[in-house]
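Q: Hi! Got a minute to go through this one with me? I'll open it up here.

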Amino acid sequence: MVEIDTTKPHPARMYDWYLGGKDNYPVDEATGRQMFTLDPRVPVMARVNRAFMHRSTRWLAEHGVRQFLDIGTGIPTEPNLHRIAQRVVPDARVVYCDNDPIVLTQAAALLRGTDEGVTRYLQADVRDPDAILEGAGKILDFSRPVALSLIALLHFVSDEDGAHELVGRLLSELPSGSYLVVSHATADFTPEESKAATEKLKTAGVTLALRSRAEFSRFFDGLELVEPGVEVPQLWHPELGEPVPGQDDGVIPGYGAVGRKP
Ligand SMILES: C[S@@+](CC[C@H](N)C(=O)[O-])C[C@H]1O[C@@H](n2cnc3c(N)ncnc32)[C@H](O)[C@@H]1O
């Protein structure tokens, strides 16, 4: 029996609320509304992030990547990553992973219509990379390139939990030609609002570890950044998708990048 804590907000469920989904509870909506009061563009930011996932996945599949490890998958929102990858590479292998029990309850919906041999869901925490590598290794071939996709995940992982070291550990098992994809919220553009949001979320029991451009870039140490390098998410290969309505009406306080392991 999966236990869902409806007494405090969860990032997966708040994100679902921002995206207009139905898999969230009053506590998620209430906290989401507080974020919205601080910055009414939060739902646009969620969509811009999702669109970055679409474009980066398409770019990777078009550049020959056939295996994806997506950690911090979230509640299913069509199209999910495997649909985008498998549209380009029909037999692309995808392992999804999240630590929130609500995502586990949605795993069947996430994987509907796909072949179990090529797409799987793994319930695990990114702070336990060895468990993820072991589980993912049952379907992914770590002797061939893998795209490690950490999209809107790492700002929920603090430095105390070793965010950079965890990414390093995951990458250490992937061969040359693998990729790292990260999008991440930052306080660089809106310091006051970001500080207020971090404090409100902390009170609600959610850790938000906003990182500067330099701290974000450090996730890519030792990798070759794909053009255009570190960018605000909507400017990372915009030609690969459609703009999100409202994305140009102000600052999107985040970064996105893709790097290749040499
Ligand atoms: C904002 S959502 C992003 C969903 C999706 N990657 C996207 O960008 O559309 C963040 C996700 O990270 C998950 N998450 C947060 N902390 C995590 C952890 N320590 N281990 C695994 N997943 C985590 C949350 O449950 C949530 O589903």
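Q: Let's start with helix 4: what do its buried residues pack against?

A: Happy to help, and keep in mind that this is a predicted model. The buried residues of helix 4 pack against helix 3, helix 6 (107–111) and four strands: strand 1 (67–71), strand 2 (93–98), strand 3 (119–123) and strand 4 (147–151).

Q: And which residues in helix 4 are buried?

A: Helix 4 covers residues 81–88, and the buried ones are Leu81, His82, Ile84, Ala85 and Gln86.

Q: Nice. On to the ligand: which residues come nearest?

A: The ligand has 18 residues around it, and Tyr15, Asn49, Arg50, Gly72 and Asp98 come nearest.

Q: Which helices each supply at least two residues of that shell?

A: Helix 1 (11–18) and helix 3 (42–62).

Q: What about the mix of residue classes in the shell?

A: There are eight nonpolar residues, five polar and five charged.

Q: Where does the backbone come in, say at glycine 72 and isoleucine 151?

A: Glycine 72 has a backbone N or O atom 2.6 Å from a nitrogen atom of the ligand. For isoleucine 151, a backbone N or O atom lies 2.8 Å from a ligand nitrogen. As for cover, the protein takes up 96% of the 600 Å² of accessible area that the ligand has on its own.

Q: Different topic: is proline 245 buried or exposed?

A: Exposed, with a relative accessible area of 71%. Proline 245 sits in the loop between strand 6 (224–225) and strand 7 (254–260).

Q: How far is its C-alpha from that of arginine 47?

A: The two C-alpha atoms are separated by 9.0 Å, though proline 245 and arginine 47 are 198 residues apart along the chain.

Definitions and conventions:
Residues are numbered from 1 along each chain as its sequence is written. This is a predicted model: local features need pLDDT of at least 70, side-chain atom pairs count only at pLDDT 80 or more; totals for chains, interfaces and linings use all residues. Side-chain values use heavy atoms; hydrogens and water are left out. A residue is near a molecule or strand if one of its heavy atoms lies within 4 Å of it. A polar contact is a pair of N or O atoms within 3.5 Å; within protein, one must be able to donate a hydrogen and the other to accept it, and residues adjacent in sequence count only if both atoms are side-chain atoms. Accessible areas come from the Shrake-Rupley method with a 1.4 Å probe; for residues, only the protein chains shown count as cover. Ala, Val, Leu, Ile, Met, Phe, Trp, Tyr, Cys and Pro count as nonpolar, Asp, Glu, Lys and Arg as charged, and the others, Gly among them, as polar. Buried means under 20% relative accessible area, exposed over 50%, partly exposed in between (1.4 Å probe, protein chains only). Contact means heavy atoms within 4.5 Å.
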